[in-house]
Amino acid sequence: MEYNYRAIEEKWQKKWSESEAYRVSNDSPKLSYYVLDMFPYPSGAGLHVGHPLGYIASDIFSRYKRLKGYNVLHPMGFDSFGLPAEQYAIETGQHPADTTEKNIKTFKAQLDKIGFCYDWEREVRTSSPDYYKWTQWLFLQLFKSWYNVAAQKAESIDSLIKIFETSGSGGVKQYAGVAFSAEEWTSFSKKQQEDILMNFRLAYSSFGEVNWCEALGTVLANDEVVNGVSERGGHPVIKKKMRQWYLRITAYADRLLEGLNKVEFSDSMKEMQRNWIGKSEGCEMDFRMGGANSIKVYTTRPDTIFGVDFLVLAPEHELVQSITTDEQRKSIDEYLTYVKSRSDRERMAEVKQITGCFTGAYAENPFNGKKIPVWIAEYVLAGYGTGAIMAVPCGDQRDFLFAKHFNIPITNIIGSHFNGNEANPTKEAILENSDFLNGLLMKDAIKVAIEKVESLGMGKRKINYKMRDAGFSRQRYWGEPFPIKWEDGIAVALEESQLPLELPHVEKYGPGPEGEGPLANIESWRNEKLETSTMPGYAGSSWYFLRYMDPKNNQTFCDRKASDYWGQVDVYIGGTEHAVGHLLYSRMWTKVLYDLGFIGFDEPFKKLVNQGMIQGSSRFVYRVKGTNTFVSAGLKDQHETDELHVDVNLVDGMELNMEAFKKWKPDFANVDFIVENEKYICGSEVEKMSKSKYNTVNPDDLVLKYGADTFRMYEMFLGPIEQSKPWDTKGIEGVHRFLRKLWRLFNDDLKGKVWNEEKATDAELKVLHRTIKKIESDTENFSFNTAVSAFMVCVNELGELKCSKKEVLEKLLILLTPYAPHIAEELWSQLGNHGSVLDAAYPVFENKYLVETNKEYPVSVNGKVRTNINISLSAEQSEVEKVVLEDAVIQKWLEGKSPKKIIFVKGKMVNIVI
RNA sequence: GCCCAGGUGGCGGAAUUGGUAGACGCAGCAGACUCAAAAUCUGCCGUUCGCAAGGAUGUGCUGGUUCGAUUCCAGUCCUGGGCACCA
């Protein structure tokens, strides 16, 4: 009987489905465990081999936890709103709902072939109305809440209104606008009151800058802007202010930072989030300009105040127009036009080219009244701090280069620490030329300077964050509509009973008038004064992990009982590309829901595992320019060629299958080849896996050819889960051979059944227990590649021992179940077991089988290993020294000298120093 | 530019707290079985000198700490991910 994986996998997938083996109940006496994958965007290209990497890992871990006796929630769903479906609709006229439905069907079929243990009854789709009903509802909770800084939590906006009614603006700690009394509040018009409240709501509407492309009539992502023009079509793109929705994530900045201390994310992941939040302590200072104007700057280095040689404003700064002198007006206008065409990314990245423009205006140093020229430059961004910086060329390299470039004289306040050739950002220098700060160490002077600034009323201590509030509206169609109506300029929430506010059908998916979303093209929508933008991709994904707990509930987004039972996601698996976006948003939503009492925990994910990206290994062919002849990579330098991606599935290693290539596309039917050694060799490059690069590998083909169990184990065998690597199908044979080898421990192709019920020997039990220990710890540590290799070692050793004993094999099968469930279940039933292996009890490791008495100690002379000597593990230093020095090989290396020192590490090694 | 991660044989990778570098697998070479092939099995397999025994050298690069460094420190180069409207 041979290993017929296709029949076996089909048989057990059917049985598991019939017995509802993966159905999960919220009502179980067992401890709960929640393993979650970042759900996929169902793209039209279908699943490629990169997707399952994390899914297989989480599936293994879920099955492992189930064997360990937990009630495991391991759901899957689809992040099904998004731009690609909309683009596709613009191009083909097909409704995104239809293409999305079709894509999801493909994804599910592909996932099922790999044998995942999902409970599909719990599937969620962000684009389905019974899901986005609750996304809209949650948005309204954000809209109806404010962050009470005094209480350090979100509260209903009603509590804020009550404060205003009783104490006016003085009752609110963080109030920054024009002060008003309780009486004044009641006398305000509805509009005035709402405008004030809008400054507090956690979801609020305000004006913000976007990349605007007039020709396309639409807003573009930074990604879609290249060199100041649109990626599509190459049209000019400018910055434009538009009404937008935002989430007040900055209110949670400190709690998002603190929360990192109680979750298990990798240090680098926490570091990325901390840097994104970018908390810094410093002070704000006013630089007077004569007249009413003054420039407020934010700095973390007030100690360098006497080294300020110029101020730089962001080109968007509100004072730019009013302070520019007539003389400079023309150059400033030209510079502003130039900056408008630049993306934020470009503005920060290019330092080689220093740009800026003098406004003609001067400000005064608040301490000594020194006149300081005011410039504008693109490297200062309006969104950070106050949009204005004080430049200290001797201490900041960018300021230094700017000063050099524009010939601005540099003041040295750090004496010999500044060499005139580059800035020195030290905090350890003693200050000079610094008035009352002279003689102080810089890091001590910071505090002194801030105190002086505050006492003289020139500014105040300030904590600043790099993080900005999150833009929450998109001028697009395929997203959640906002449950908001605009009445006389006031945003009014729809009633809960009106949810879901369903996406209407549109005739065309292109933008509406004035850059509004496609919904603005619908007359009835406009007549009802409904908000015409939609929510961004991350709206639905900010809370989906809660919906899986209670997916069918039509009374609430997730019953409190369900979220109390499952609690936080125990393990969350996904790519680092979501490090700052999705992970911060979902952490914020969770905190809001916690504050408002809807759930009992304020961090969504207890532990995060980052999976690496599987890249594609692209192959290229080289067409001689203007001909239909292709030249092999080794000879391409002799010709002028165009490089073309070729489907990796037509290439074996680097060698092109020329016949298959001719059949690939009609254009290539009659091509000629210039070959080397009768072979056509392709070029190669590692790139992102994508359909357009023809470097995708479809898991279906591999599952068909080798089976799901082989495919699962091979993906794990590729390397550490968190590492990125290019896909290479080559090694899959080895894993397949391993499973066949395992099969032969049970069955012989000719003789049939070979397993038996004999008693296992010590040697066999040693192999088994070493494997139990290794597999258990590797699985716990997500080190699946070494686990697979441990299985291989185990099967190799059992093969050598000719061990086909049920006592040993049965336990091995349980260990293997999470990795290769189909073959494990089949062999488990062949051994005569009645229940499913999915619910077997995990084997218990016993150390007694592994105890050793002796060790082959490596013995080094001056750090170089010269020999191995077998010594008892109980031997102490003196005993070991004696044995070692008597050894012939060691004596030869000693050359008669006596050792200076002998280092002995028990159980490890011996090193002789001479 | 800024933030984060990674560089080990022909290839994917392994190596508890600093303690025998290259486990496991792929590819390759030689052999067994076979009419032949497939499958399977056995041996070899970093580079280099050597008939061999054995030696030298080797974890991106340059230094440092140490009896001992793939592992720790400083610097540097290269690759990948993110940088706020791709998901």
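This is a short dialogue on reading the RNA contacts, strands and cavities of a predicted model.

Me: What should I know before I start?

Reply: Happy to help! The model is predicted, so local features need pLDDT of at least 70 and side-chain atom pairs count only at pLDDT 80 or more, while totals for chains, interfaces and linings use all residues. Residues are numbered from 1 along each chain as its sequence is written, chains are lettered from A and ligands numbered from 1 in the order in which they are written, and side-chain values use heavy atoms, with hydrogens and water left out.

Me: Which residues come nearest to RNA strand B?

Reply: A residue is near a strand if one of its heavy atoms lies within 4 Å of it. Here 64 residues surround RNA strand B, and A221, R345, L718, R737 and N911 come nearest. By class, 25 are nonpolar, 19 polar and 20 charged (Ala, Val, Leu, Ile, Met, Phe, Trp, Tyr, Cys and Pro count as nonpolar, Asp, Glu, Lys and Arg as charged, and the others, Gly among them, as polar).

Me: Which parts of RNA strand B do L83, N785 and R468 approach?

Reply: A backbone N or O atom of L83 sits 2.8 Å from a phosphate oxygen. For N785, an N or O atom of the side chain is 2.8 Å from a phosphate oxygen. At R468, a polar backbone atom is 2.9 Å from a base nitrogen. Of the RNA atoms within 4 Å of the protein, 64% belong to sugar or phosphate and the rest to bases.

Me: How do the strands pair, parallel or antiparallel?

Reply: Strands of a sheet pair through backbone hydrogen bonds, either parallel or antiparallel. Strands are DSSP runs (E, at least two residues), numbered from the N terminus, and two of them pair if DSSP finds at least two bridges between them. In this model, β6-β5-β9-β17 is the order of an open, antiparallel sheet of 4 strands. Its edge strands are β6 (218-220) and β17 (470-471), each pairing on one side only. Between β9 (residues 238-247) and β17 there are 2 bridges, and Y246 has G471 as its bridge partner.

Me: What lines the second largest cavity?

Reply: Rolling a probe the size of a water molecule over the atoms shows where empty space is left. A cavity is a set of points, on a 1 Å grid over the protein atoms alone, where a 1.4 Å probe fits but cannot get out; lining residues have an atom within 4 Å of a point. Y22, R63, R66, L67, C117, T817 and L838 line the second largest cavity. Their classes are 4 nonpolar, 1 polar and 2 charged.

Key:
Polar contact = N/O pair within 3.5 Å; in protein donor to acceptor, adjacent residues only side chain to side chain. 1 Å grid on protein atoms, 1.4 Å probe; cavity = no way out; pocket = protein on both sides within 12 Å on 5 of 7 lines; lining within 4 Å.
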